[in-house]
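Let's take a walk through one sheet and see how its strands fit together. Have a look at the sequence and the structure first.

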Amino acid sequence: MKSRRRPYAEQRPQDLGGGVWSVPVPIPGNPLGYTLVYAVESPRGPVLVDAGWNHPDAWEALSGGLAALGLDVSAVSGVVVTHFHPDHAGLAGQVREASGAWIAMHENDAALVKLMTEYAASEHDEFQTDMLRRAGADPGEVRQVLGARPAPPALPDRRLRDGDLVDLPGRKLRAVHTPGHTPGHICLHLEDADRLFTGDHVLPDITPHVGIYPYDRVDVDPLGEFLESLERVEELGPLDALPAHEWIFPDVAARAAQIRHHHEEKLVRLRALLVQRPQPLTIWEVAAMMTWNRPWDELSPVLRGMAAGEAAAHLRALEARGLVHRLAGVDPVRFQAIDS
């Protein structure tokens with residue numbers, strides 16, 4: 001079954017067959033519009049894949065959407081969170097309160113949620129300010145980019161690793177670790193039905209945000225991990241994809257390959273830009289040179305901050321491949337192409 005992206009007002013809960021249902025849950029004030037929450041049949045009660053944004057309208061849509069499909073939110077036995085972002089994990093705690101359900105997510109994202117619960121708001125502002133300064137943003141932009149930190153999601157009861165089977169009696173729902181968008185992002189392979197719940201990892205039309213925070217970290221390579229994760233999905237074959245946004249589509253392997261090639265081409269273009277600039281550039285300067293869905297001057301301060309995160313991830317991937325290097329002992333951090 002394939003359903004093109006439509007405004008949230010035109011979305012409806014759907015029976016997808018084979019004991020799987022989808023419920024669109026709105027994301028207030030976000031251009032994505034909604035998260036597709038899935039329910040998978042189980043003798044103990046349905047298991048949800050993601051839960052949606054923590055907002056009264058979202059809760060009404062989730063609980064009402066399940067009811068329209070003949071399901072009761074109080075009967076939910078578990079929530080598997082593909083990753084910790086608020087449009088996926090936000091309502092998991094409320095579902096647990098209503099039903100006693102367990103919450104599961106990958107151990108890497110669970111560790112981040114724990115860190116978020118222990119992190120004071122003032123420390124968050126200081127972290128962002130220093131990160132933006134080191135990236136080369138001017139003080140005026142730093143003040144504009146700073147935003148309120150969203151409340152952390154509920155801590156999970158269960159931690160998953162790559163290859164683990166979700167507690168879903170009578171079905172085989174296996175976690176596939178696909179880091180990149182977050183360190184603990186997982187897809188979920190419903191092996192008895194040749195379906196893959198892709199979260200944000202593989203979407204039919206857009207690509208997920210892949211950034212580094214703080215921007216100048218050298219101990220991670222999220223874009224490199226994302227590209228490797230896409231190859232893993234390609235190896236699963238032409239499964240039907242059930243993504244968290246946009247619409248359901250066939251042949252997830254073909255789309256994963258398309259996204260991987262898109263980023264490889266983007267890396268080639270970025271290195272070519274750096275080769276043309278003999279002087280070292282800051283992360284902020286590199287982000288302003290790259291192509292986004294609208295011109296840099298038209299991006300809001302928050303979107304510029306996200307763009308800088310993506311620029312940093314692409315620079316780090318090039319650095320890991322030995323194609324660029326960062327200058328030692330300079331602040332803000334600067335990058336330069338390596339002659340081939």
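Four strands make up an open sheet here, lined up in the order β8-β9-β10-β11 with mixed pairing. (Strands are DSSP runs of E with at least two residues, numbered from the N terminus, and two of them pair if DSSP finds at least two bridges between them.) At the edges you'll find β8 (173-177) and β11 (240-243); each has a single partner strand, so one side of each has no neighbour in the sheet. From one strand to the next, the twist averages 25°, an angle between lines fitted to C-alpha atoms, taken between N-to-C directions on a scale from 0 to 180 degrees.

This is a predicted model, so local features need pLDDT of at least 70 and side-chain atom pairs count only at pLDDT 80 or more, while totals for chains, interfaces and linings use all residues. Residues are numbered from 1 along each chain as its sequence is written, and side-chain values use heavy atoms, with hydrogens and water left out.

Now for the pairings that involve β9:

| Strands | Sense | Bridges |
|---|---|---|
| β8 and β9 | antiparallel | five bridges |
| β9 and β10 | antiparallel | three bridges |

Looking at single residues, Val176 sits opposite Cys187 in β9, and Leu190 has Arg195 in β10 as its bridge partner. β9 and β10 form a hairpin with four residues between them, and Asp194 in that turn has a positive phi of about 55°.

How many residues of β9 are buried? Five of the five are, so β9 is largely enclosed by the rest of the structure. (Buried means under 20% relative accessible area, with a 1.4 Å probe and protein chains only.) Both faces are covered: Ile186, Leu188 and Leu190 are buried on one side, and Cys187 and His189 on the other.

Notes:
Buried < 20%, exposed > 50% of the residue type's maximum accessible area, 1.4 Å probe, protein only.
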